[in-house]
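Visitor: I'm new to this one and would rather see one part properly than race through the lot. Please pick a part, zoom in on the charged side chains there, and then tell me what else is worth a look.

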Amino acid sequence: MVRSQRWKGAAFTVPFQLGFVFLYLLPIGYAVYQSLFLEKQSGLGLGGATREFVGLDNYQHGLTDSAFMNSILRVVLFACVQIPVMLLISLVLALLLDALTSRVAGRFRIFLLVPYMIPGVVAAIVWINLYSPAVGPLRPLGEFFGFDWNFFAPSMVWPSIGNLLTWHGIGYNMVIIYSALQGVPRELFEAARLDGASEIRIARSIKIPHVRGALVLTGLLSIIQMLQLFNEPALFRNVTPQTVDDSFTPIMVIYNQAFNSGNYHYAAALSVLLALILGVASFLFYRLTSRKAD
């Protein structure tokens with residue numbers, strides 16, 4: 001009977017396992033397989049292309065590809081600024097919601113979650129129009145206060161994208177942190193207030209340490225999302241191609257190699273390299289944050 005119940009319980013996981021195999025494992029395996037080959041043109045390129053097994057040559061080329069490595073470095077430096085700012089704002093909003101009554105907090109929580117409900121492409125189009133010097137209100141508003149800012153200039157394109165990503169992501173991260181705050185025993189707050197602790201001291205000494213796991217989770221998800229950044233820079237490239245080139249982010253480099261240059265095998269190798277870099281970065285971030293938590 002116990003064995004029968006185990007099999008019945010395992011049967012509920014079959015849809016997930018099938019989806020995981022066909023939508024994740026098989027595409028990854030196919031990408032690894034494709035990355036081991038290279039199409040070469042014979043003669044002057046007038047003949048047909050032949051596919052040759054090159055082993056790890058595509059990976060070696062990717063590790064020495066200045067466009068691909070510079071795009072990773074560019075995104076990593078951007079993430080070191082944007083992710084802490086976004087998580088800090090999300091933490092502050094979650095702490096403010098936790099200080100309100102549950103009924104009032106529920107209303108504000110839905111309001112703050114609205115930006116995340118908007119698809120990323122739609123949000124990018126909205127902000128590009130807001131940034132536009134022709135139809136957007138931000139440029140005239142800046143001129144009214146004496147600021148002559150150009151949101152598509154080389155020095156402003158990353159802050160413009162960062163503002164868009166922060167606006168779009170704070171609601172989602174805030175909900176995760178706020179949910180973790182709801183699990184903190186309320187008796188700790190009452191005891192701290194009886195001891196004369198202020199609300200700021202309670203937040204710093206009790207609430208924030210208890211939501212450290214949620215901060216690690218949101219930081220990990222943000223790192224994964226950042227290295228896969230594509231939609232926002234691609235849309236910005238349509239507006240300012242002289243600032244945002246086709247190697248602005250790692251995914252844009254892969255997209256350009258696959259669909260513009262037709263080098264699918266090399267694009268597959270870059271995809272595998274990016275996945276490995278994501279895995280290493282996530283592992284290091286988790287180990288470092290877990291060590292600090294201990």
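Guide: We'll begin with the salt bridges, then move on to some helices and a few single residues.

A quick word on ground rules: this is a predicted model, where local features need pLDDT of at least 70 and side-chain atom pairs count only at pLDDT 80 or more, while totals for chains, interfaces and linings use all residues. Residues are numbered from 1 along each chain as its sequence is written, and side-chain values use heavy atoms, leaving out hydrogens and water.

Side chains of opposite charge can pair when their charged atoms come close. Here, a salt bridge is a side-chain nitrogen of Lys or Arg within 4 Å of a carboxyl oxygen of Asp or Glu, and by that rule the count is five. One of them joins the side chains of Asp98 and Lys207, at 2.9 Å from N to O. That pair ties together distant parts of the chain: Asp98 sits in helix α4 and Lys207 in helix α10 (residues 199-210), 109 residues apart. (Helices are DSSP runs of H or I with at least four residues, strands are runs of E with at least two, and both are numbered from the N terminus.)

Are these two charged partners buried or exposed? Both Asp98 and Lys207 are buried, where buried means under 20% relative accessible area, exposed means over 50%, and partly exposed is in between (1.4 Å probe, protein chains only). They aren't on their own, either: Asp98, Arg186 and Lys207 are linked in a network of salt bridges.

Now for Arg193, which pairs with two acidic side chains. With Glu190, the closest N and O atoms are 3.4 Å apart; with Glu199, that figure is 2.8 Å. Arg193 and Glu190 are about one helical turn from each other, because they stand three residues apart in helix α9 (residues 186-194). Arg193 counts as partly exposed because its relative accessibility is 35%. Glu190 is partly exposed too, at 47%, and so is Glu199, at 41%.

Back in helix α4, which spans residues 66-98, you'll also find Ser71. It is classed as buried because its relative accessible area is 0%. What does Ser71 touch, setting aside residues up to four places away in sequence? Its contacts (heavy atoms within 4.5 Å) are Ser247, Phe248, Thr249, Pro250 and Val253.

Two of those names lead straight into helix α13 (residues 250-260), where Pro250 and Val253 are buried along with Met252, Ile254, Asn256, Gln257 and Ala258. Gln257 in α13 is worth a pause: it counts as buried because its relative accessibility is 17%. Leaving aside neighbours within four places in sequence, Gln257 is in contact with Gly262, Asn263, Tyr264, Tyr266, Ala267 and Leu270. Gly262 follows α13 and has a positive phi, near 75°.

Ile251 brings in another buried residue. Leu229 sits in the loop between α11 (212-227) and α12, and is buried because its relative accessible area is 5%. Although Leu229 and Ile251 are 22 residues apart along the chain, their C-alpha atoms are separated by 6.7 Å. Not counting residues up to four places away in sequence, Leu229 touches Trp158, Leu165, Thr249 and Ile251. Thr249 also turned up among the contacts of Ser71.

Next, follow the chain into α12 itself (residues 231-239), whose axis comes within 9 Å of the axis of α6 (residues 120-131), with the two crossing at roughly 35°. These axes are lines fitted to C-alpha atoms, for helices over the stretch in contact, with angles from 0 to 180 degrees between N-to-C directions. Which residues meet there? From α6 come Gly120, Val121, Ala124, Ile125, Ile128 and Tyr131, and they meet Asn231, Glu232, Leu235, Phe236 and Val239 in α12.

One last stop is Val114, in helix α5 (residues 102-117). Val114 is partly exposed, because its relative accessibility is 38%. Gly171 is 57 residues from Val114 in sequence, yet the two are 7.4 Å apart in space, C-alpha to C-alpha.
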